Amino acid sequence: MDKNQIKPLIAKYLEGSASAEEAAVVETWYNTYQEGADPELTDVTIAEATLRIQDRLNIEQQVTKTSLWPRIAAAAAIVLVVGAGVFYFQSNNKAKTEQVVVNAVKDISSGKQGATLTLANGKKIVLSGASKGEIASEAGVSISMAQGGQLIYEIKDQAKRDRYAINTLSTARGETYQVHLPDGTLVWLNAGSTLKYPASFNASKERNIELTGEAYFEVAKDKMHPFKVKSPGQEIEVLGTHFNMNAYADEASVKTTLLEGSVKVLSGSSSTIIEPGQQASSKGQKISVDEVNVNTVIDWKNGLFRFKNEALPSILRKVARWYDVEISYQLDVKNMPTFSGAVARTENVSAILKMLEETSDVKFSIEGKTIIVR
């Protein structure tokens, strides 16, 4: 791509008028610029990548409010390239944007919005089949389904509030869901996850919930009632913030990634406070803190698979949860290169597998609900 092609696209992108495909071109070109893979162009390399794409859209306009990646999710195709973190959308003869041909017999469709709500009395409600409006009430709280499938808790009777009325929201593999808790906190629950919480927080000094799996939280501010999330091997405490917690049993550690505010992370006798853009990883008594690209962490919430120098087993664990499949390895993946790139989670599984095949020597086949890696 020459400078006369990229300049108008950057201008449209910065003013917010770029289409999803044009935004994808800008983002992928910017990644190649960062990695030094496409150093020419000049006009002082397009005015130093247009002041680093206007300081990365002013730090992604505080990370999530106008995130680039939801726009890219609608792009027609994004191609993965192995190793250095470079991927091309369209650039003369370097492009690899061939259409993925889906075999209708041996393919698996993406996951969907759905979950199961278990009330304090043991009653189970399958939310994917529930109609809009109130679906239950307990502990002085009305539980309803909003347009678009969000679960909403609203306090109706303060006198009946009960901190011991515990609800459980569970997503199976291949499901995701949102819940609006009675304190105003918003939670996005990823596939294969479980969230336990009281139907009302008002009778307690703390807002305590439990998580297994993965969730993204936008916690309502309440200095008088700290918000605590417990997961196997870790506990975090916040007053009002945006963060992601990954606490899947098949991952090596529990990871908490902060987007806004501050979070105190506790694991055994260890504790630390992290800042926006940092990720705390807990394993046993040890907590390590790293700077991360938060967009690669919350990609699932924004409808994407996004990888940045990620190992194949890690990618395929995500694939297994979202497409509800098993992974069978017939090769040693320890010395394989890493992968980078992005693709919409609405694509069939064959789209991801095809891209991985095109950028490595790995081959995949689908047998029923099992993906075989050769």
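Colleague: Is Asp-324 buried, partly exposed or exposed?

Modeller: This is a predicted model. In it, Asp-324 is partly exposed, with a relative accessible area of 32%. The partly exposed class runs between 20% and 50%, so Asp-324 falls inside it.

Colleague: Where is Asp-324 found?

Modeller: In the loop between H6 and strand E22 (326-329).

Colleague: What should I look for in the backbone there?

Modeller: Start with the sign of phi. Most residues other than glycine have a negative phi. Asp-324 is not a glycine, yet its phi is positive, about 55°.

Colleague: What is the phi of Asn-309?

Modeller: About 50°, so positive, although Asn-309 is not a glycine either. Asn-309 sits in strand E21. Its relative accessible area is 39%, and Asn-309 is partly exposed.

Colleague: Now the pockets. How do I read one?

Modeller: Rolling a probe the size of a water molecule over the atoms shows where empty space is left. Here, the largest pocket holds about 650 Å³ of space.

Colleague: How many residues line the largest pocket, and which lie nearest its centre?

Modeller: The lining has 31 residues. Nearest the centre are Lys-255, Thr-296, Glu-310, Ser-314 and Lys-318.

Colleague: Which elements each supply at least two residues of that lining?

Modeller: Strands E15 (242-247), E16 (254-260) and E21 (304-310), along with helices H5 (294-297) and H6 (312-323). E21 gives the most, with 7 residues.

Colleague: What is the make-up of the lining by class?

Modeller: The lining of the largest pocket has 11 charged, 10 polar and 10 nonpolar residues.

Methods:
Residues numbered from 1 in each chain as written. Predicted model: local features only at pLDDT ≥ 70, side-chain atom pairs only at ≥ 80, totals over all residues. Heavy atoms only, no water. 1 Å grid on protein atoms, 1.4 Å probe; cavity = no way out; pocket = protein on both sides within 12 Å on 5 of 7 lines; lining within 4 Å. Points joined across faces, edges and corners; volume = space filled by probe spheres on them. Helix = DSSP H or I, 4+ residues; strand = E, 2+ residues; numbered from the N terminus. Nonpolar A, V, L, I, M, F, W, Y, C, P; charged D, E, K, R; others polar. Buried < 20%, exposed > 50% of the residue type's maximum accessible area, 1.4 Å probe, protein only.
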